[in-house]
Amino acid sequence: MRATRQVSFWLAAVSILITAAGASAQITLPIAEEQVVYELIGEFNNSGLASLQYGFLSSVTGLDNAFSSATTKNETTALFTFVTNATTFQVVNHGPFRIVDRTGTTTIYLNSGPSDFSNPASFSQGTPIQVSSYRQQVIINTLTNTFVTVHTNTVTEVETFTLNGVAYRLGQLGKSFRTNYSGQSNTPAVTPTGWFAGTSTGSKN
């Protein structure tokens with residue numbers, strides 16, 4: 001009986017050591033306050049109150065490269081893609097400006113194949129690795145159809161993913177990041193509705 005207990009004890013100890021080793025080998029790509037964490041490039045399609053925003057991360061702080069190729073850097077080689085589904089809850093007009101407020105959800109994916117801006121669904125074909133709540137303000141210059149945005153994401157889900165044999169987690173639960181976009185709207189009723197690019201910076205919770 002004593003021998004059985006000793007074997008069980010050592011098996012439990014080995015299991016704990018293996019679990020601890022696995023946890024220590026995992027790298028968190030942190031969302032650090034006032035530090036740029038992501039660079040993003042994308043397009044969007046608006047329909048009524050719904051806004052579908054999609055694209056890829058062109059830079060992730062903590063990784064040397066956000067692309068599978070060292071020479072071709074676009075949506076076809078992006079390692080990380082994102083999709084935001086948002087709903088407009090308020091529009092205010094002020095002179096030449098239209099101010100649009102939205103809320104929604106953003107999902108970042110480990111991409112599983114070449115994405116294509118002519119197929120928005122291709123940006124959600126991968127494995128979800130981060131989900132966040134989303135609130136956006138868009139300021140549109142109606143004279144030029146250009147716009148700037150600021151929005152805040154708060155991370156609600158994070159999943160471990162493997163890249164080149166290394167386990168990572170993209171951000172931390174409960175952390176927030178603030179994103180600024182610069183963009184250009186397209187001709188009305190033409191797809192996509194517009195284009196944008198911007199950066200995300202860790203913010204204080």
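**A strand-rich chain, read from Asn45 outwards**

Asn45 has its place in strand β2, which covers residues 36-47, and it belongs to a model that is predicted. With a relative accessible area of 18%, Asn45 is buried, since the limit for that class is under 20%. The side chain of Asn45 is joined to that of Tyr54 by a polar contact of 3.1 Å. When neighbours within four places in sequence are left aside, the residues in contact with Asn45 are Ala50, Ser51, Leu52, Tyr54, Pro120, Thr191, Pro192 and Thr193, so that Tyr54, the partner in the polar contact, appears in this list as well.

From this residue the view can be widened to the whole chain. The secondary structure of the protein chain consists of one helix and eleven strands, and, read along the sequence, these elements follow the pattern α-β-β-β-β-β-β-β-β-β-β-β. Of the 205 residues in the protein chain, 40% are buried. Among the contacts with a separation of 6 or more, 58% are accounted for by residues 24 or more positions apart. The protein chain exposes about 11,000 Å², and carbon and sulfur atoms supply 56% of that area.

The pairing of strands can be followed through β4, β5 and β6. Strand β4 (residues 80-94) and strand β5 (residues 97-110) run antiparallel and are joined by 14 bridges; within this pairing, Phe80 stands opposite Leu110 in β5. The hairpin of β4 and β5 has two residues between the strands, and in it Gly95 takes a positive phi near 60°. Strand β5 also pairs with strand β6 (residues 127-141), again in the antiparallel sense and over 14 bridges, and here Arg98 has Ile140 in β6 as its bridge partner.

Charged side chains give a short account, for a search of the whole structure finds one salt bridge. It is formed by Glu34 and Arg178, whose closest N and O atoms are 3.9 Å apart, a value to be read against a cut-off of 4 Å. The pair links distant parts of the chain, with Glu34 in the loop between β1 (27-29) and β2, Arg178 in strand β10 (residues 176-185), and their positions 144 residues apart in sequence. Glu34 is partly exposed at a relative accessible area of 49%, and Arg178 likewise counts as partly exposed, at 28%.

The aromatic side chains offer a longer list, and the geometry of their rings needs two quantities. A pair of aromatic rings is described by the distance of the centres and the angle of the planes. The count comes to twelve aromatic pairs. In one of them, the rings of Phe117 and Phe123 have centres 4.8 Å apart and planes at 35°, and the pair is therefore tilted; both Phe117 and Phe123 are buried. Tyr181 and Phe196 form an aromatic pair that is stacked, with 4.1 Å from centre to centre and 25° between the planes. Because Tyr181 lies in strand β10 and Phe196 in strand β11 (residues 194-203), this pair ties together parts that are 15 residues apart in sequence. Tyr181 is buried, with a relative accessible area of 4%, and Phe196 is buried too, with a relative accessible area of 6%. Tyr181 and Phe196 also belong to one aromatic cluster, which they form together with Phe44, Phe82 and Phe147.

How values were computed:
Residues are numbered from 1 along each chain as its sequence is written. This is a predicted model: local features need pLDDT of at least 70, side-chain atom pairs count only at pLDDT 80 or more; totals for chains, interfaces and linings use all residues. Side-chain values use heavy atoms; hydrogens and water are left out. Helices (H or I, at least four residues) and strands (E, at least two) are DSSP runs, numbered from the N terminus. Buried means under 20% relative accessible area, exposed over 50%, partly exposed in between (1.4 Å probe, protein chains only). A polar contact is a pair of N or O atoms within 3.5 Å; within protein, one must be able to donate a hydrogen and the other to accept it, and residues adjacent in sequence count only if both atoms are side-chain atoms. Contact means heavy atoms within 4.5 Å. Two strands pair if DSSP finds at least two bridges between them. Accessible areas come from the Shrake-Rupley method with a 1.4 Å probe; for residues, only the protein chains shown count as cover. Rings of Phe, Tyr and Trp (its six-membered ring) pair if their centres lie within 6.5 Å; planes under 30 degrees apart count as stacked, over 60 as edge-to-face and the rest as tilted.
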